[in-house]
Amino acid sequence: MFHSTKSRAAWGAALAAVLLTAGCGGSDDASADAADYDPDAPVTLTVGTFGTMDLDNAGLYDEYMELHPNVTIKQNNVAQSAAYYKSLQTRLAANSGLDDVQALEIGFIADVVRNHADAFVDFAAEENADELEGNFYDWKWGQASTADGETIALGTDIGPQAMCYRKDLFEQAGLPTDRAEVAELWPTWEAYLEVAEQYMASPTKPADSAFVDSPASIFSSSVYQGDLAYNDEEGNPIPAESDGVQQAWDYASQAADEGLTANLSQFGDEWNAAFSNGAFATIACPAWMLGYINSQMGETGAGLWDIAPLPGADESASNWGGSFLAVPEDGPNAEAAKDLVEWLTAPEQQVKMFTRAAHFPSSPQAAEDPEVVGATNEYFNGAPTGEIFGESAANIQRTPIGPYDTQIQEAFTTALTDVAAGGAEIDEGWDNALKAAQQATGG
Amino acid sequence: MTIASGTVREAAIAAPPPASAATSPARPRKRRQLTRNRWGYAYVAPFFLVFAAFSLYPFMYTAWVSLHETSLSNINGGTWVGLENYRNLLQSEFFWNATRNTFTIGILATVPQLCMALGLAHLLNYKLRGRTFFRTVMLMPYATSIAAATLVFSQLFGRDYGLINTMLEAVGLQAIDWEAGTVSSQVAIAVIVTWRWTGYNALIYLAAMQSIPGELYEAAEIDGASKWKQFLHVTIPSLRPTILFTIVVSTIGAVQLFGEPLLFAGNGTTSGGASGQYQTLGLLMYQQGWSNFHIGQAATTAWAMFMIILVIVGVNAVIGRLRNRADR
């Protein structure tokens, strides 16, 4: 009796020890040697993605696996890009658990370029580097490149911006509804704000509708139309001195202060509900926003919306969003992963991503492809989306990006929300935004 | 004489039975006792190993990180800055704003919650038809996930399409922008917390009430005390240790309040409202560490929260002890 109790206790202790150590077991990092790389050897590649990157839905993995029967592709998708990036950071810190291919969002690429360039394969050192570089808009290639010319990721899509507007609401407010006429309404942001005042003063527009969804719509799109956005040329945050920030703040805070916006927080519940309720007549539209509007409003929204160029687009276009694919250098299948990434981001595949899943190409060759240029969107009254966004993409300037762009942008858009809600005066809001930005960047 | 007889009895108990004394000398017997104890340690070891791995180690590690300036992706590196993070924290208006919010939301949530729980427990202590049903229903909010509850409540408190504003407008009142205002947003969050925890505390009170001897009530009734007087002068004093316990637990919960304000924003931002009007310490820590990636600062805030909790628990314990001493 005593004996059996004793052995059971021993077992218990041993089991506990095993459980504890099992959790800490690491995988050994077998670094792939380029010389050993056999392109026909069977290999399973994992691709870490976030949100709706649609590489799977557009059928690109299947196509690649058909071309290369030895390759099996597995995607690990995380719904929210912020959550995805947090786990990527902890994995980078531990240098373990990384996928063979890791997607990177524009909001995070600068941090990786600056602090973790060594962890990823340098595409600029490849034999076909010149050809690769030629595949992308120079600013897109530049966003993934370090100061010493390493390029750690290749671009997938971009978010050239336009302005979406509700035809029905414009008509009720007595504004023109034709695409070309609307484009003439707002050559500049000043003109756009005048139209907004006109809309808000109209007695015939629906009583509870505003001209634009949020001050953030104005701020986040016009901030990239200056020479600098949130950073100086070296990528150091300088929100207080940037011409882009100052201008964007002037436009957006005026709109907020005068009550021209519905003051919704973008991507919040009320914002989502507001699409169907016709609470606003315009919204800044990066190419990917079309899909978002479509999914929020469903069939009832078909034909209600149309697309015009962004105010001030003649001088400078603006980009919001976009992603990259990078290959961790220590991965056991880095060579095979490199081939996959080069194929996925090649112009031909970017054309497919646009025609099948509406992700706008980051490659000028793809953007100029007849299939892209000629594309129209039935849901948006047959708007020539390929042409509109293609023109926008060609006009995007290279504004330096930095590791804290997402946080600084949030600091400004929340301060604008406060101004619009009457919680702060314009100057006070500016100070609050700078303080919050300082807290985010300064440490 | 009594003392002597007592010692004799103890000696008799302590003395080994003659048979065993004859077969084994004192030393091996002692060793066997130790062996038996050693297996006792083995039994409790798993707990302490897990505790060390998942509580003690992170705890010390957080302290170490808080003395560095470092980012999430470089958690083991960073530069040693000593107490710099603590100084920055104490000078940061974001910290004081979050501290203030944590306390006001804490009071808004805890006080009505515990009062209501006490009242509910008192009612459920009567003989009621369907008593078990009510007791079960009361615990249901506690079994609901914070995320689900907060998402539902933040829709109820929505500015344009929320049910509460629709009702306010239906009775001719002005709609409230719940999320934008300081007081209104804090009240809304306090409502979520109260909804979730009232039933739980009520059940704790109820359990304690059932252990109050019935004679006390009988005696009070004979003395002519009304039900209300009985509640005030019999129930509450008997519940004092339980009340102290629930206050301590609720206060710790209030200092750590995080999920509700995070999800109340509705779009995943961590600033706790446009002017930080409902940013709590927990949310500030999350913002520092996981939105801004300054993990050293976040660790500092975590330690500050721990200190605040220690102070509050200490004050509670002192008050409890003083009350006890005063009663004696």
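Helices and strands here are runs assigned by DSSP, with at least four residues for a helix and at least two for a strand, and they are numbered from the N terminus. Counted that way, chain B of this predicted model has 15 helices and 2 strands. Chain B has 328 residues, and 31% of them count as buried. If we look at its contacts with a separation of 6 or more, 68% come from residues 24 or more positions apart.

The domain assignment splits chain B into domain 1 (22-53) and domain 2 (89-327). Their C-alpha centres sit 44 Å apart. One residue in chain B that catches the eye is Phe293(B), with a positive phi of about 65° even though it is not a glycine. Phe293(B) is found in the loop between α14 and α15 (295-327) of chain B. As for its surroundings, Phe293(B) has 25 other C-beta atoms within 10 Å, so it is buried.

Next comes the meeting of the two chains. Here 34 residues of chain B are in contact with 36 residues of chain A. On the chain B side, α3 (26-65), α7 (146-156) and α14 (281-291) each supply at least two residues. The most comes from α3(B), which puts in 7 residues. By residue type, the side of chain B that touches chain A breaks down into 14 nonpolar, 16 polar and 4 charged.

Chain A also has two domains in its assignment, and each is written as two stretches: domain 1 is 34-158 + 321-373, and domain 2 is 160-319 + 385-442. The C-alpha centres of these two domains of chain A are 29 Å apart. Their contact draws 18 residues from domain 1 and 20 residues from domain 2. On the domain 1 side, α4 (106-115), α6 (138-143), β8 (319-326) and α17 (370-373) of chain A each chip in at least two residues. That side of domain 1 of chain A is made up of 9 nonpolar, 6 polar and 3 charged residues.

Inside chain A, helix α10 (residues 215-222) makes a neat case. Of its 8 residues, 8 are buried, so α10(A) is largely enclosed by the rest of the structure. The buried residues are Pro215(A), Ala216(A), Ser217(A), Ile218(A), Phe219(A), Ser220(A), Ser221(A) and Ser222(A). One partner of α10(A) is helix α11 (residues 243-257) of chain A; the two axes come within 8 Å and cross at roughly 170°. That angle makes α10(A) roughly antiparallel to α11(A), since anything over 145 degrees counts as roughly antiparallel. From α10(A), the residues involved are Pro215(A), Ile218(A), Phe219(A) and Ser222(A). They meet Gln247(A), Ala248(A), Trp249(A), Tyr251(A), Ala252(A), Ala255(A) and Ala256(A) in α11(A). Sorted by type, the contact of α10(A) with α11(A) has 9 nonpolar residues, 2 polar and no charged.

A second helix pair in chain A is α19 (residues 405-420) with α20 (residues 426-442), whose axes come within 8 Å and cross at roughly 155°. So α19(A) and α20(A) are roughly antiparallel to each other too, and their crossing is right-handed. On the α19(A) side, the contact is made by Gln407(A), Ile408(A), Ala411(A), Phe412(A), Ala415(A), Leu416(A), Asp418(A) and Val419(A). On the α20(A) side, the residues are Ile426(A), Gly429(A), Asn432(A), Ala433(A), Ala436(A), Ala437(A), Ala440(A) and Thr441(A). This contact of α19(A) with α20(A) comes out as 11 nonpolar, 4 polar and 1 charged. In an α-helix there are 3.6 residues a turn, so residues three or four places apart point the same way.

Two single residues of chain A round off the picture. Arg166(A) belongs to strand β4 (residues 153-166). Arg166(A) is buried, with 21 other C-beta atoms within 10 Å. Although 116 residues separate Arg166(A) from Thr282(A) in sequence, the two are 6.4 Å apart in space, C-alpha to C-alpha. Setting aside neighbours within four places in sequence, Arg166(A) is in contact with Gly278(A), Ala281(A), Leu304(A) and Trp305(A). Phe267(A), on the other hand, sits in the loop between α11 and α12 (269-276) of chain A. Phe267(A) is not a glycine, yet it has a positive phi of about 70°. With 13 C-beta neighbours inside 10 Å, Phe267(A) counts as partly exposed.

Methods: Residues numbered from 1 in each chain as written. Chains lettered and ligands numbered in written order. Predicted model: local features only at pLDDT ≥ 70, side-chain atom pairs only at ≥ 80, totals over all residues. Axes fitted to C-alpha atoms, helices over the stretch in contact; angles between N-to-C directions. Parallel < 35°, antiparallel > 145°, perpendicular 65-115°, else oblique. Left-handed = near helix turned anticlockwise from the far one by under 90°. Contact = placed C-beta atoms within 7 Å. Nonpolar A, V, L, I, M, F, W, Y, C, P; charged D, E, K, R; others polar. Domains from an automatic or database assignment. Buried ≥ 20, exposed ≤ 12 C-beta atoms within 10 Å, placed from the backbone.
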